Amino acid sequence: LRGWGNEGEETYHQGIKDFAQVLATQVERLRATVNSFADFARMPLPRLIAVDLNGLVQRVIRASEPKFAAVGRPPIAPELRLAPELRLIHGDPVLLEKAITNLVASVIEAMPAGGPVLVKTRNITDGVRLEVSNHGAGISSEEWRRFAPTADTSVCASNGYYDPLSLAIVQAVVSDHHGSLLIEDEARVGNRYRIELPEDSPVADKKPAPEKSVTEKLD
């Protein structure tokens, strides 16, 4: 602020506005990170029922509309190509919706220049597939292996912001449903996130873990 001149000068007041905008953006990002940590620590116990993945995707996209058209950033245009006769899967709708929400949020954060987002579903041999493709920053295979050591991913350009904690939540939910998460580079333009879930996906049995300190949880 001191570098923008003296109080009362036009450059000083413009600097205040610019600084406030940057500060607000970073505070909101910190808030989102804190909320992500809280979500990760409070993963609910699974409740297995028949799940319509198309319905979950549509609900998440509707809830994300304010982020697609956020003030102060280029718009993001989602396109849905959902299989009309997608099979039901056996899983927890709350956990799966949380995973899709975190995936979409991470994709949005990785698109500071806006652009299209393609969301597709389809039937596969033993289950269903969800694909989300974006034009934005990627995540490198080395970064991905930090929280998904066995993940199958190509080398992606890491040229912008993405939310690895959100992707960690996605990976945790997908793994608990005996599914897989694949991240692919799309000709250096963006990324394709592919989730495959078996039709009969018994969620791993989770028992409440003993309470840990904040440091242990962060580690």
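**Burial, salt bridges and strand pairing in a predicted model**

Trainee: Pro 198 has its place in strand 7, residues 190-198. Why does Pro 198 count as buried or exposed?

Mentor: This is a predicted model, and in it the relative accessible area of Pro 198 is 16%. The limit for buried is under 20%, and therefore Pro 198 is called buried.

Trainee: Which residues does Pro 198 touch, leaving aside those up to four places away in sequence?

Mentor: Pro 198 touches Ile 89, Asp 126, Gly 127, His 177, His 178 and Gly 179, where a contact requires heavy atoms within 4.5 Å. The C-alpha atom of Pro 198 is also separated by 8.8 Å from that of Arg 129, although the two residues are 69 residues apart along the chain.

Trainee: His 178 is among the residues that Pro 198 touches. What is the phi of His 178 near, and where does His 178 lie?

Mentor: His 178 lies in the loop between helix 6 (164-176) and strand 6 (180-186), and its phi is near 60°, a positive value in a residue other than glycine. Most residues other than glycine have a negative phi.

Trainee: What makes Arg 129 and Glu 131 a salt bridge?

Mentor: The rule asks for a side-chain nitrogen of Lys or Arg within 4 Å of a carboxyl oxygen of Asp or Glu. For Arg 129 and Glu 131 the closest N and O atoms are 3.8 Å apart, and because the limit is 4 Å, the pair is accepted as a salt bridge.

Trainee: How do you know whether the two partners, Arg 129 and Glu 131, are buried or exposed?

Mentor: Arg 129 has a relative accessible area of 15% and Glu 131 has 10% relative accessibility; since buried means under 20%, Arg 129 is buried, and Glu 131 counts as buried too. Salt bridges that share partners join these two residues with Lys 120, Arg 194 and Glu 196 into one network. One link in the network is the salt bridge between Glu 196 and Arg 194, whose closest N and O atoms are 3.6 Å apart.

Trainee: Where is the place of Glu 131, and which residues does it touch?

Mentor: Glu 131 is in strand 5, and beyond four places in sequence it touches Leu 118, Val 119, Lys 120, Arg 192, Tyr 193 and Arg 194.

Trainee: How do you know that strand 4 and strand 5 are joined, and which way do they run?

Mentor: At least two bridges are needed for a pair, and 8 bridges join strand 4 to strand 5 (residues 127-134), which run antiparallel. The two strands form a hairpin with 2 residues between them, and Val 117 stands opposite Asn 134 in strand 5. Strand 4 (residues 115-124) is also joined by 6 bridges to strand 2 (residues 76-81), with which it runs parallel; there, Pro 78 stands opposite Val 117.

Trainee: Arg 31 and Glu 28 also form a salt bridge. How many residues apart are they within helix 1, and are they buried or exposed?

Mentor: Arg 31 and Glu 28 lie in helix 1 (residues 10-41), 3 residues apart, about one turn of the helix. An α-helix has 3.6 residues a turn, so residues three or four places apart point the same way. The closest N and O atoms of this pair are 2.5 Å apart, and the relative accessible areas are 45% for Arg 31 and 44% for Glu 28; partly exposed is the class between 20% and 50%, and therefore Arg 31 is partly exposed, as is Glu 28. By the salt-bridge rule the count comes to 8.

Trainee: What span should helix 4 have, and what makes its length agree?

Mentor: Helix 4 (residues 93-109) has 17 residues, which at 1.5 Å a residue should span 24 Å, and because its end C-alpha atoms are 24 Å apart, the two values agree. At the start of helix 4, a side-chain oxygen of Asp 92 reaches to within 2.9 Å of the backbone nitrogen of Val 94.

Trainee: Why is helix 4 called mostly covered?

Mentor: Of its 17 residues, 12 are buried, including Leu 95, Leu 96, Ile 100, Leu 103 and Val 107. For the protein chain, 39% of the 219 residues count as buried.

Key
Residues are numbered from 1 along each chain as its sequence is written. This is a predicted model: local features need pLDDT of at least 70, side-chain atom pairs count only at pLDDT 80 or more; totals for chains, interfaces and linings use all residues. Side-chain values use heavy atoms; hydrogens and water are left out. Helices (H or I, at least four residues) and strands (E, at least two) are DSSP runs, numbered from the N terminus. The expected span of a helix is 1.5 Å times one less than its number of residues. Buried means under 20% relative accessible area, exposed over 50%, partly exposed in between (1.4 Å probe, protein chains only). A polar contact is a pair of N or O atoms within 3.5 Å; within protein, one must be able to donate a hydrogen and the other to accept it, and residues adjacent in sequence count only if both atoms are side-chain atoms.
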